[in-house]
Amino acid sequence: MLWWGISRSLTHELVRHRAGFGFSQVSQRYVGGKTLRFVERPEYAGDPYLHQLFEDRIDRTQQEYEAMTDYLVAKQKDGTEILGAEHKTDLRKKVRQAARSLLPNETEAPVVVTANVRAWRHFLNTRGSEHAETEIRRAAFESYRCLSRVAPLLFGDFKVVHLPDGTHGLSTPFPKV
Ligand SMILES: Cc1cc2nc3c(=O)[nH]c(=O)nc-3n(C[C@H](O)[C@H](O)[C@H](O)COP(=O)(O)OP(=O)(O)OC[C@H]3O[C@@H](n4cnc5c(N)ncnc54)[C@H](O)[C@@H]3O)c2cc1C
């Protein structure tokens, strides 16, 4: 399953799932600033002040990232040892791996997720719970919508729960299948 439009904070929680999961994520060491995107939380999107802060912050981050990259490239050209490498790709990687440290949790972090049925069910159960964080709960809900369409026998027992804040959760009478 390809997930995009999701933040680094979501994928940080996602990769805690180990048994039966595989992840392949866009690398911030190989992919540079031209493709930088940021994910706005719904709490910010609905509030003009928070939305403005978000926009200012991501503009600032983009500028800082570019300035940092330019500075590191200049240092690299001057022969700074820690930034040195033999191949062009490695040179770029050395710059990006240093520059990315300033990126916030709201940086977009697309990921391909594969999992076996048991692992998906465990994920839907824990991350579709009302106690799960909103963004990962939404990812669990969207995953459920895909999985229940392609394999209704395996995922059809999950029921959609409508939560008071307008978001959705998941519930099943068979959490330990
Ligand atoms: C609402 C919520 C709040 C959370 N809050 C926090 C928090 O505050 N801090 C924090 O650090 N984490 C937190 N987590 C993450 C949580 O602790 C787990 O790391 C995460 O949910 C992955 O669950 P898991 O280990 O059961 O999953 P998986 O890694 O998918 O494992 C599934 C099951 O397989 C078994 N298993 C996995 N690996 C092994 C192994 N090597 N050997 C034997 N058995 C294994 C275990 O029984 C495990 O339960 C939270 C999770 C949720 C859903």
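**Exercise 1. Two loop residues**

Task: In this predicted model, locate I82 among the secondary-structure elements, and decide whether I82 is buried or exposed.

Solution: Begin with the position in the chain, where I82 falls in the loop between α3 and α4. Next, count the surroundings of I82: there are 9 other C-beta atoms within 10 Å. Since a residue is classed as exposed when 12 or fewer such atoms are found, I82 is exposed because its count is 9. As a long-range reference, I82 and P175 are 93 residues apart in sequence, and their C-alpha atoms are 50 Å apart in space.

Task: Carry out the corresponding analysis for D78: where does D78 lie, and why does D78 count as exposed?

Solution: D78 belongs to the loop that connects α3 (48–77) with α4 (88–99). Inside 10 Å of D78 there are 8 C-beta neighbours, and therefore D78 counts as exposed. A second distance places this residue relative to G22, which is 56 residues away along the chain, with 40 Å between the two C-alpha atoms.

**Exercise 2. The sheet**

Task: Determine which order the strands of the open sheet take, and which strands lie at its edges.

Solution: The sheet has three strands in the order β1-β3-β2, and the pairing is antiparallel. The edges are formed by β1 (2–3) and β2 (21–25), each of which pairs on one side only. Turning to the individual pairings, β2 is joined to β3 (residues 111–115) by five bridges, whereas β1 and β3 pair over two bridges, also in the antiparallel sense. Specific partners can then be assigned: F23 is bridged to V113 in β3, and Q25 stands opposite V111 in β3. V111 is also the bridge partner of W3.

**Exercise 3. The largest nonpolar core**

Task: Establish how many residues the largest nonpolar core contains, and which helix supplies the largest share of this core.

Solution: The core has 13 residues, of which L124, I136, A140, Y144, F158 and L170 touch the most other members. Three helices, α1 (8–14), α5 (117–127) and α6 (134–150), each supply at least two residues of this core, and the largest share, five residues, comes from α6. The contacts of I136 may be examined next: once neighbours within four places in sequence are left aside, I136 is in contact with L10, E13, L14 and R127.

Task: Explain why Y144 counts as buried, and state which residues Y144 touches beyond four places in sequence.

Solution: Y144 lies in helix α6. Because 23 C-beta neighbours fall inside 10 Å of Y144, where 20 or more are required, this residue counts as buried. Beyond four places in sequence, Y144 touches L124, G128, F155, F158 and L170. Q63, by contrast, is 81 residues from Y144 along the chain, and their C-alpha atoms are separated by 38 Å.

**Exercise 4. Domains and ligand surroundings**

Task: State how far apart the C-alpha centres of domain 1 and domain 2 lie, and which residues surround the ligand.

Solution: The division of the protein gives domain 1 (27–102) and domain 2 (117–171), and the C-alpha centres of these domains are 33 Å apart. Around the ligand are R16, H17, R18 and A19, together with A119, H122, T126, R127, H131 and A132. Sorted by class, this shell comprises three nonpolar, four polar and three charged residues.

Definitions and conventions
Residues are numbered from 1 along each chain as its sequence is written. This is a predicted model: local features need pLDDT of at least 70, side-chain atom pairs count only at pLDDT 80 or more; totals for chains, interfaces and linings use all residues. Domain bounds come from an automatic or database domain assignment. Helices (H or I, at least four residues) and strands (E, at least two) are DSSP runs, numbered from the N terminus. A residue is near a molecule or strand if its C-beta atom, placed from the backbone, lies within 6 Å of it. Ala, Val, Leu, Ile, Met, Phe, Trp, Tyr, Cys and Pro count as nonpolar, Asp, Glu, Lys and Arg as charged, and the others, Gly among them, as polar. Two strands pair if DSSP finds at least two bridges between them. A nonpolar core is a set of buried Ala, Val, Leu, Ile, Met, Phe, Trp, Tyr and Cys residues joined through C-beta atoms within 7 Å. Two residues are in contact if their C-beta atoms, placed from the backbone, lie within 7 Å.
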